[in-house]
Amino acid sequence: MRLGAVIITMGNRPDELKALLDSVARQDGDPVEVVVVGQGVRVTDLTDLPPGVRTVDLPENLGIPGGRNVGIEAFGPGGSEVDALLFLDDDGLLERTDTAELCRQAFAEDPELGIVSFRIADPETGITQRRHVPRLRASDPMRSSRVTTFLGGANAVRTKVFEQVGPLPGEFFYAHEETDLAWRALDAGWLIDYRADMVLLHPTTAPSRHAVYHRMVARNRVWLARRNLPAPLVPVYLGVWLLLTLLRRPSVPALKAWFGGFREGWTTPCGPRRPMRWRTVWRLTRLGRPPVI
């Protein structure tokens, strides 16, 4: 099984990027082919690249899903030159040298497995944040399980998934693009696993560090529902998330940005609407996360 890796960078973490590339090069088994996508930067100006690493220099920042889609196409249409692609944050680090081999084994043993979500752990403390465990019952990050979504910067995707359901939603730019792809993949019959033994070391951060966080989280949540949910579930899903947002008591500026994004989600195009089947709704429910939360 041929593996590739897609890494996007804005050029502000050259040392971390070099360390990540070195950790990929140290993986056991056949070499992992790598492409680094520079979002408005020239990658070769940032760091010395290991032999064989491909680069794509974009004139502007296309956002997380847009940049990763470019990386997918660097391996041929839909990534067809490889069997699976790893997507890794440029400030992450593969802790173990057998992660690539574990991915190959997981995909080889289960032909219905489409996506593997890695465990993210802080390099200093080893702690995995609850938000990095892609399920509602997140108290035990060391428990592997079937899940309904995955972590964007620490995962592996079988390229047949992209062939069947299409790429990440580039228009999202940032936030919820993983769940959009996950729902489409699950609706097509693929499975998603969270694997605690596949680890990406990544410093503990808060998602709200991004200036656009509150607006895009709200806008993309509406787009996600409009694109993927059966019509009766759209108001239920968005109503639940509106209530959860208010219960978290965000600051006044954050709440203002959130409501601005929520309104934008209803008034702007969200891309093609392909509501999932009701059997997929039931499947998500049996996996522990019905698509109303």
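Reader: Why is Arg 54 called partly exposed?

Author: This is a predicted model, by the way. Arg 54 has a relative accessible area of 26%. Buried means under 20% and exposed means over 50%, so Arg 54, at 26%, counts as partly exposed.

Reader: What makes Arg 54 and Glu 33 a salt bridge?

Author: The closest N and O atoms of Arg 54 and Glu 33 are 2.9 Å apart. The cut-off is 4 Å, so the pair qualifies as a salt bridge. Arg 54 sits in strand 3 and Glu 33 in strand 2, so the bridge ties together parts that are 21 residues apart in sequence. Glu 33 is partly exposed too, with a relative accessible area of 22%.

Reader: How many salt bridges turn up in the whole structure?

Author: A search finds 20. Another one is the pair Arg 219 and Glu 264, at 3.5 Å from N to O. That pair links distant parts of the chain, with Arg 219 in helix 6 (residues 213-228) and Glu 264 in helix 8, 45 residues apart. Arg 219 has a relative accessible area of 7%, so that residue is buried, while Glu 264, at 22%, counts as partly exposed.

Reader: Which residues are joined into one network by salt bridges that share partners?

Author: Arg 2, Glu 33, Arg 54 and Glu 81.

Reader: What makes Asp 180 and Arg 184 a salt bridge, and where do they lie?

Author: Their closest N and O atoms are 2.9 Å apart, and the limit is 4 Å, so the label fits. Both residues lie in helix 5, four residues apart, about one turn of the helix. An α-helix has 3.6 residues a turn, so residues three or four places apart point the same way.

Reader: Are Asp 180 and Arg 184 buried or exposed?

Author: Asp 180 is buried, with a relative accessible area of 0%. Arg 184 comes out at 14%, and buried means under 20%, so Arg 184 counts as buried as well.

Reader: What makes helix 5 "mostly covered"?

Author: Eleven of its eleven residues are buried. Among them are Glu 177, Leu 181, Trp 183 and Asp 187. Helix 5 is followed by Gly 189, whose phi is positive, near 105 degrees.

Reader: Why is the pair of Trp 183 and Tyr 237 called edge-to-face?

Author: It is one of five aromatic pairs found in a search of the whole structure. The ring centres of Trp 183 and Tyr 237 are 5.8 Å apart and the planes are at 70 degrees. Centres have to lie within 6.5 Å, and planes over 60 degrees apart count as edge-to-face, so both values fit the label. Trp 183 lies in helix 5 (residues 177-187) and Tyr 237 in helix 7 (residues 233-247), so the pair ties together parts that are 54 residues apart in sequence. Trp 183 and Tyr 237 are both buried.

Reader: Why do Trp 258 and Phe 262 count as stacked?

Author: Their planes are 15 degrees apart, with 5.1 Å centre to centre. Planes under 30 degrees apart count as stacked, so that is what this pair is. Both residues lie in helix 8 (residues 252-267), four residues apart, about one turn of the helix. Together with Phe 259 they form one aromatic cluster.

Reader: How do you know whether Phe 262 is buried or exposed?

Author: Phe 262 has 19% relative accessibility. The line is drawn at under 20%, so Phe 262 counts as buried. Trp 258, at 7%, counts as buried too.

Reader: What makes Arg 221 a charge over the ring of Trp 241?

Author: Arg 221 lies over the face of Trp 241, at 3.6 Å from the ring centre. The distance limit is 6 Å, so the value meets it.

Reader: Why does Arg 283 have no salt bridge?

Author: The nearest side chain of opposite charge, Glu 112, is 5.6 Å away. A salt bridge needs a distance within 4 Å, so Glu 112 misses the cut-off. Arg 283 is buried all the same, and its place is in helix 9 (residues 278-286).

Reader: What does the side chain of Arg 283 reach instead?

Author: The backbone oxygen of Trp 190, at 3.1 Å. Beyond its neighbours within four places in sequence, Arg 283 is in contact with Leu 186, Gly 189, Trp 190 and Leu 191.

Technical notes: Residues are numbered from 1 along each chain as its sequence is written. This is a predicted model: local features need pLDDT of at least 70, side-chain atom pairs count only at pLDDT 80 or more; totals for chains, interfaces and linings use all residues. Side-chain values use heavy atoms; hydrogens and water are left out. Helices (H or I, at least four residues) and strands (E, at least two) are DSSP runs, numbered from the N terminus. Buried means under 20% relative accessible area, exposed over 50%, partly exposed in between (1.4 Å probe, protein chains only). Lys and Arg count as positive and Asp and Glu as negative; His and the chain ends are not counted. A polar contact is a pair of N or O atoms within 3.5 Å; within protein, one must be able to donate a hydrogen and the other to accept it, and residues adjacent in sequence count only if both atoms are side-chain atoms. Contact means heavy atoms within 4.5 Å. Rings of Phe, Tyr and Trp (its six-membered ring) pair if their centres lie within 6.5 Å; planes under 30 degrees apart count as stacked, over 60 as edge-to-face and the rest as tilted. A charge sits over a ring if NZ of Lys or CZ of Arg is within 6 Å of the ring centre and within 35 degrees of the ring normal.
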